[in-house]
Amino acid sequence: MSSERFYGPDFALLSQQDPDIAAVLLSELKRQQSNLQLIASENFTSRAVLAALGSTLSNKYAEGYPGKRYYGGCEEVDKAEVIAIDRAKSLFGAEHANVQPHSGASANVAVYQAFTKPGDTVLAMSLPHGGHLTHGSPVNFSGKWFNVESYGVRQDNELIDYDELRDIAIRTKPKMICSGATAYPSLIDFEKVRAICDEVGAIMWVDAAHFIGLVAGKAIPSPVPYADVVSFTTHKVLRGPRGGMILAKGEHAAAIDKAVFPGMQGGPIMSAVAGKAIALAECATPAYQKYAKDVIVNAKALAAALEAEGMRAVSGGTETHLALMDIRAIGVTGKVADERCGLAGIVMNKNSIPYDPEKPGITSGIRVGTPATTTQGMGVAEMKTIASFIARAIKTDDASTLAAIKNEVHALTARFPIYTA
Ligand SMILES: *Cc1c(COP(=O)(O)O)cnc(C)c1O
């Protein structure tokens, strides 16, 4: 496959004008094509989405909202944003959608701003148990500007402890309760969270960044009917452009829109807004719904196959697109496993497990996800092969063995080509 051909005629221009950056584009494309992409938050977006991202919409300033802009000449980009909003509302059955946040973290800044004031108490999932930086990390605005209390998972079953969540909520009276995480393989009981929010008078915020694509594909239950506000990224399982989005009940529409602009951002990235519209339409197709189900089937198969290799799936397995594996029985840390897999052409990440005895920079676990490999068309048979690659890689420090695995990885990915011309 020719990578130059993939980028089209403009690539020749780029190569002439800026060979340094042209080389990066080519080698990154080759890296994505030839290695195994198991990072749970990554995916391969469609060529239609890439076309929107590389379009002249990038040139347009459009501060404000459709029909209420601060700049002239917005009549065309207005259409793209209206289409994106309508598609988001219809796909998720939401009363309100804001498609402008630049990223998942930006969307979360807007959520805090819409519902809380600095110093307010917010209750969110603890970081070592799978929460995100924006859920109260001391190095993040959330932990610096808010009093963030946290809940976690039970030590025995590694599932969210809703009794503990309720007790903490009653004791700390949070303005807002956040559910959603970056490394939680199980489903969240939104009905239970809603009941706790109602009992203590808290706003129910779901940070669905990781799993919203599975919701879009109707493969898992939706938080939208329960939550006051749902924030998410558009580039993970959802398979759209890098960016964020917020859905909310109609009564919160004005607060959310004001928090995004002028509260937090200037002009929206209209090329990304157009890409979001395209991705949302893709998500409404039967092909994407099958994809979302396959992602979960593959994640279950990968977790089971890794268990057969002597690792332990946190919370007993997965109900989503990712598995968190406790690898202590193998006798290597997450950091070492991550490095060895990298040398074998397998890209994933080390990850703390609940109650991890190791430091966050070392960890006892790895996190693997199936959004990207499933987009490539891989299935259960390939997941078993991948599990054996991972197991062989993390059990050896021999460079030639790792290089041999890398050759097998390249042979596998060559059978599932992406972004061919
Ligand atoms: C990925 C993620 C985010 C942040 O998204 P960015 O686009 O990287 O800013 C926020 N919350 C959760 C739960 C996430 O998984």
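Helices and strands are taken here as DSSP runs, with at least four residues for a helix and at least two for a strand, numbered from the N terminus. On that basis the chain of this predicted model holds 17 helices and 15 strands. The radius of gyration is 22 Å, close to the 22 Å that the globule rule gives for 421 residues, so the chain is as compact as a globular protein of that length.

Start with the whole chain in view, as a C-alpha trace, which spans about 60 × 55 × 40 Å along its principal axes. If you colour by burial, 55% of the 421 residues count as buried, and a surface representation would show an accessible area of about 17200 Å², of which 54% belongs to carbon and sulfur atoms. Among contacts with a separation of 6 or more, 71% are between residues 24 or more positions apart. Selecting the charged side chains picks out 41 positive and 43 negative ones, and the centres of these two sets lie 2 Å apart.

Next, select F146, in the loop between α7 (141-145) and β6 (147-151). Its relative accessibility is 10%, and because buried means under 20%, F146 counts as buried. Add K117 to the selection: the two residues are 29 apart in sequence, while their C-alpha atoms are 7.9 Å apart in space. Beyond neighbours within four places in sequence, the contacts of F146 include Y112, T116, K117, P118, G119 and D120, together with V122 and F141.

Move on to R239, which sits in the loop between β9 (229-233) and β10 (244-248). This residue is not a glycine, yet its phi is positive, at about 75°, and with a relative accessible area of 17% R239 is buried. A companion stop is Y355, in the loop between β14 (349-351) and β15 (365-369), where a residue that is likewise not a glycine has a positive phi of about 60°. At 38% relative accessibility, however, Y355 counts as partly exposed.

Between these two stops in sequence, look at the peptide bond joining F261 and P262, which is cis, with omega at about 10°. P262 belongs to the loop between α11 (253-260) and α12 (270-283).

Finish on helix α16, residues 380-394, whose 15 residues should span 21 Å at 1.5 Å a residue, and whose end C-alpha atoms are indeed 21 Å apart, which agrees. Which residues of α16 are buried? They are E382, M383, I386, A387, F389, I390, A391, A393 and I394.

Technical notes. Residues are numbered from 1 along each chain as its sequence is written. This is a predicted model: local features need pLDDT of at least 70, side-chain atom pairs count only at pLDDT 80 or more; totals for chains, interfaces and linings use all residues. Side-chain values use heavy atoms; hydrogens and water are left out. The radius of gyration is taken over C-alpha atoms; the globule rule is 2.2 Å times the number of residues to the power 0.38. Buried means under 20% relative accessible area, exposed over 50%, partly exposed in between (1.4 Å probe, protein chains only). Contact means heavy atoms within 4.5 Å. Accessible areas come from the Shrake-Rupley method with a 1.4 Å probe; for residues, only the protein chains shown count as cover. Lys and Arg count as positive and Asp and Glu as negative; His and the chain ends are not counted. The place of a charge is taken as NZ of Lys, CZ of Arg, CG of Asp or CD of Glu. The expected span of a helix is 1.5 Å times one less than its number of residues.
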